[in-house]
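Hi everyone, thanks for coming. Let me put the structure up, and then I'll walk you through a few spots in it.

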Amino acid sequence: AIDIAKLRAETGLVTYDGGFVNTAACKSAITFIDGEEGILRYRGYPIEQLAEQGSFLETSYLLIYGELPTPAQLDDFREEITKHTLLHEDVKRFYDGFPRDAHPMAMLSSVVSALSTFYQDSHDPFDERQVHISTIRLLAKLPTIAAYAYKKSVGQALLYPDNSLDYVQNFLRLAFAVPSEEYKADPVVVSALDKLLILHADHEQNCSTSTVRMVGSSHANLFASVSAGISALWGPLHGGANQSVLEMLDGIKADGGNVDAFVNKVKNKEDGVRLMGFGHRVYKNHDPRATIIKKAADDVLSRLGKRDELLDIALRLEEVALSDDYFVSRKLYPNVDFYTGLIYRAMGFPTSMFTVLFALGRLPGWIAHWREMIADPSSKIGRPRQVYTGTPIRDYVPIGAR
Ligand code: ACO
C-alpha cells in the first residue's frame, strides 16, 4: 500500500478516490475480507464456523475484545448485559411523542442519540470505565429500543425485558408478546435470528462503520457515534437494501411474477431500477454470508411451514441474473440482504423493521471499530480533502448592482 500521508508531505499531492473505492482510511485487526475469493473472517475465525457453532453474544465479545470468551467470561458478559436491558421511564416517553407511522430506523437513531443525555458518564472516550459501561448499555438496550419501535408502530404496550431469557429470546418477547397472553419464542426462530445477527455483526469499513469511525474520530462519544452509524445504515444502498428487496419482490409479484420483464428493466436501467440485494463493493465472486443465508431461508421457511411465493420469485430472479451477461460481466451476485427479508417476514416482522434487525446485528462491529480507533494513539480526525470544481476568484457585486 502507498503511504499517502508521506507522499503528500513530499509532493503536495491530493488523491481523488470518489466513494473511497481504493482508499484504506485506517488499519484494523477486527475483520478480514477477501472479495475476490469470497472470504470473511472475524478476528481470524471463518464466518461459516461462527455462524454454525457460535452464538451472537460470544461473537460480540470476540469482535469487541479480540478473543473468544471462556465460559466464565461469557457468563459475566451476559450477566452484565442483562442488568442493563431496561430503559429509563423518561426514555420510554420518547415513543409517546413519535408519530405512529414513524420509521423505526428514525426512532432507533433518535433514542440511541438521546442515551448520551441520560448517561452523562459516557462523554469521555478516553475513560476506560465510561467506555466499558457505554458498551454494555448499548448492547443491552438496543434490543429494547428496537422492540419498542415495533410496539409503537402496532400500537401495543411496551413490555419490561425478561432477564431470565437469553439475548434473542428476550428481544423476540419484547417485540411479539402481549401482556395478557403467554409467549414463548419458537426455537427455530430464535436460532435463525441468532445466526442472522452473527452474519451481520461486522463487515470492516462499510458505510455505517466508516461513519461511526468518522464521527468518533472527533472524539464524540459512543452513543453519538453509533446513532450516526444507524442513520448511515438506513439508506437503501446499504442496510436499507433488505427492505428494498422485499418491496421489489412484492412489486414483481403484483406485476404477475414476470421475472424476465423485471430483469430487462434493470438491464435497460429504466428509471434507475437496480436489482436490489445484488452487487457489492467488495465481493466480486460471491458473498459468503448470502450462501449461508440462502440455506437458512430455505430451512426456516419450510420448518415454519411458511413456504413463501416471494421465495420462488427470488430463486428465479437469482437464476436468471446469474446466467445473464449483464450481471456476470459486472460481477453482480446476491449479497447478504437478498434472502434475509424473506426470513424476517416469516418471523412476523414488517418490512420497515428489517433494517432495524440489521442494526442489532451490526452493533458489536460498530462498537469494536470505535474502540479500536479510540485506543489507537496514531488515529487522527477523519478529514478528507476535495477537488474544488467551483468558480475561480471573482469580485463581490453589491446587491443593488446585481
Ligand atoms: N442492479 C443492477 N445493476 C447494478 C447493480 C444492481 N444491484 N449494482 C451495480 N450495478 C451496475 C451499475 O449500474 C454499474 O453498471 P455500469 O457500469 O453499466 O454503469 C456497475 O454495476 C457498477 O456499479 P456501481 O454502482 O459502480 O458499484 P458500487 O460498487 O459502487 O455499488 C452497491 C455497490 C451499492 C452495493 C450496488 O451494487 C447496489 O446498488 N446494489 C443494490 C443495493 C444493495 O443490495 N445494497 C446492499 C449492499 S450489501 C450491504 O450493505 C449489507
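**Around the ligand**

Let's begin with the ligand: it has 19 residues around it, and those that come nearest are Ala241, Arg274, Leu275, Gly279 and Arg281. Please keep in mind that this is a predicted model. Sorted by class, the shell around the ligand holds eight nonpolar residues, seven polar ones and four charged ones.

Next, helix 18, which runs over residues 354-375. What span should we expect from its 22 residues? At 1.5 Å a residue it should be 32 Å, and the end C-alpha atoms are indeed 32 Å apart, so the two agree. Still, helix 18 has a kink of about 45 degrees at Arg362, shortly before the proline Pro364. As for its surroundings, 20 of the 22 residues of helix 18 are buried, so the rest of the structure largely encloses this helix.

Now two backbone angles for the torsion fans among you. Arg43 is not a glycine, yet its phi is positive, at about 50 degrees. You'll find Arg43 in the loop between strand 2 (39-42) and strand 3 (45-46). Arg43 has 19 other C-beta atoms within 10 Å, and because 20 would be needed to call it buried, it counts as partly exposed.

The other one is Asp271, again a residue other than glycine with a positive phi, near 50 degrees. Asp271 sits in the loop between helix 13 (259-267) and helix 14 (288-303). Is Asp271 buried or exposed? It has 6 C-beta neighbours inside 10 Å, so Asp271 counts as exposed.

That's my tour, and I'm happy to take questions.

How values were computed
Residues are numbered from 1 along each chain as its sequence is written. This is a predicted model: local features need pLDDT of at least 70, side-chain atom pairs count only at pLDDT 80 or more; totals for chains, interfaces and linings use all residues. A residue is near a molecule or strand if its C-beta atom, placed from the backbone, lies within 6 Å of it. Ala, Val, Leu, Ile, Met, Phe, Trp, Tyr, Cys and Pro count as nonpolar, Asp, Glu, Lys and Arg as charged, and the others, Gly among them, as polar. Helices (H or I, at least four residues) and strands (E, at least two) are DSSP runs, numbered from the N terminus. The expected span of a helix is 1.5 Å times one less than its number of residues. The bend at a residue is the angle between axes fitted to the seven residues ending there and the seven starting there. A residue is buried if 20 or more other C-beta atoms lie within 10 Å of its own, exposed if 12 or fewer, and partly exposed in between; C-beta atoms are placed from the backbone.
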